[in-house]
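Colleague: Please take one part of this model and show it to me closely. Keep it simple, and spell out your terms.

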Amino acid sequence: MSTLTQADVELASNLIKNANNIVITSHKSPDGDAVGSSLGMYHILKEFGKDAQVILPDGLPEYLSFLPGSESIIFFDQQPEVSNKFIQEADLIFSLDYNVLHRTGEEMGVALSASKASFILIDHHQQPGSFPAVTYSDTSACSTCEMVYNFSQHLDPSYVLGKNAAECVYCGIMTDSGSFRFPSVSPHTHRVVAMLIENGLDHAAIHRAVYDTNLLDRLKLIGYALSEKLVVWEELMTAVLPLTAEELVRFNHRPGDTEGLVNQALSIKGVKVAVFIREGKNELKFSFRSKGGFDVNSFARNGWNGGGHINAAGGRTTESMEIALQRLKEELSQVSDLIKKS
Ligand code: 5GP
Ligand code: MN
C-alpha cells in the first residue's frame with residue numbers, strides 16, 4: 001500500500017534529477033533494514049545515473065558488512081568533520097527507516113536540522129516528523145526496504161533492480177519481517193521478493209550471510225542470557241531480560257550480538273510482552289516487543305523516551321538497572337489490564 005501521491009513522485013523525481021550532492025542517512029545502531037535501505041537506495045540511484053554518499057550515525061554489525069557498498073559508508077561518530085561537510089553541501093538528503101531527525105543521534109540530528117537540503121523520507125515508523133519535502137510513510141509496511149523497492153518502481157515502473165540493489169533490499173525485508181513471519185508481511189512483500197528472485201537474487205546466500213555467521217562467543221552470550229538472566233513476571237504476562245555492561249564485555253559482545261534475544265523472550269507461552277535491557281556507556285537501552293494488541297510504541301513513548309511500532313519499540317533511560325526495573329514493573333502493573341486483554 002502506497003501513501004505516495006503522483007505529486008510526491010514528480011517532486012521526488014525532480015529533486016533527484018536536479019541534485020548534485022545526495023546524502024543517504026539512517027538511524028543510530030543501524031539494523032538490517034537501516035543498512036539495507038540505505039545501500040539499496042545508493043545502488044538504485046547509481047543505476048539511475050546519480051551518485052550518493054551513505055552516512056550512518058555509527059557502525060554496522062559485523063553480519064551486515066557483506067552487503068555490497070558497505071565499504072563506502074561514512075560513519076558520523078568516526079568522521080564527524082567529513083560527515084558534516086557532506087551534510088552541509090548536500091542539496092538532497094534521504095531519511096530512511098527513521099521518523100524524526102534525532103533518531104540519528106544528537107550530533108548528527110543537529111547537523112541534519114541545520115542542513116539546507118531538501119529531504120525525502122521513506123519510513124514505516126509511526127508519526128513521521130514534518131521536516132521532509134517528500135514524505136513516503138507507510139506504517140503497515142514490513143520494512144523500509146520494501147518501500148524503497150516501491151519507490152524505485154514509482155520513479156520508473158520498468159526499472160529492474162540490479163544485483164547489488166536487490167541484495168540490500170532483500171536483506172532489509174528479510175531481517176525486519178523476522179524472515180517473513182511478522183503480521184506486517186503482506187502478499188505484496190512476497191511479490192516483491194518473488195520479483196527479486198525471478199531476476200536472479202540468491203536469497204539463500206543472504207540468509208546464510210546474516211544468520212549463519214555467528215561467533216562462538218555470541219552463542220555463549222545467548223545461552224547465558226536465556227539460562228541465567230531471563231525472568232518472567234507472570235502476573236504481568238511479561239518476560240524481562242536485562243544484561244549489564246560487565247556481562248556483555250565478558251562475552252566479547254559486538255554490535256548486533258543481542259539482536260533477536262527479545263523475540264526469544266516473547267516466544268514463551270503465555271507471555272504477551274517482552275523487554276530486553278542492555279546497559280550501554282551512559283544509559284540503558286530498552287527493546288520492547290508484544291504479541292497481540294498491547295501497544296509498546298505508546299508505552300515506550302510515555303515512560304521510556306522512545307517509540308517505534310505497536311508490536312516493536314525501543315527506549316532509553318539514564319536510571320540505574322535496579323531503579324529502571326522497579327519503575328518498569330510499576331508502569332506495567334498500571335496497564336496490566338490492557339496486557340491481559342490484548
Ligand atoms: P529495537 O528494539 O530493535 O532497537 O527497536 C525496535 C523498533 O523501535 C525499531 O523499529 C526501532 O526503529 C524503533 N526504535 C528503537 N528505539 C527507538 C527510539 O528511541 N525512538 C523511536 N521513535 N523508535 C525507536
Ligand atoms: Mn525498519
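Modeller: Buried means under 20% relative accessible area, exposed over 50%, and partly exposed in between, with a 1.4 Å probe and protein chains only. This is a predicted model: local features need pLDDT of at least 70, side-chain atom pairs count only at pLDDT 80 or more, and totals for chains, interfaces and linings use all residues. Residues are numbered from 1 along each chain as its sequence is written, chains are lettered from A and ligands numbered from 1 in the order written, and side-chain values use heavy atoms, without hydrogens and water.

Now the metal site. Asp33 (OD), Asp97 (OD), His124 (NE2) and Asp176 (OD) are the protein donors of the manganese ion (ligand 2). They lie 2.2 to 2.3 Å from the ion. Donors are N, O and S atoms within 2.8 Å of the metal (3.2 Å for Na, K and Ca); water is not among the atoms, so sites may look incomplete. Along the sequence, the donor spacing reads D-x63-D-x26-H-x51-D. Asp33 sits in helix α2 (residues 32–47), and His124 in the loop between β5 (118–123) and β6 (134–137), so this pair ties together parts 91 residues apart in sequence. Helices (H or I, at least four residues) and strands (E, at least two) are DSSP runs, numbered from the N terminus. Are Asp33 and His124 buried or exposed? Both are buried.
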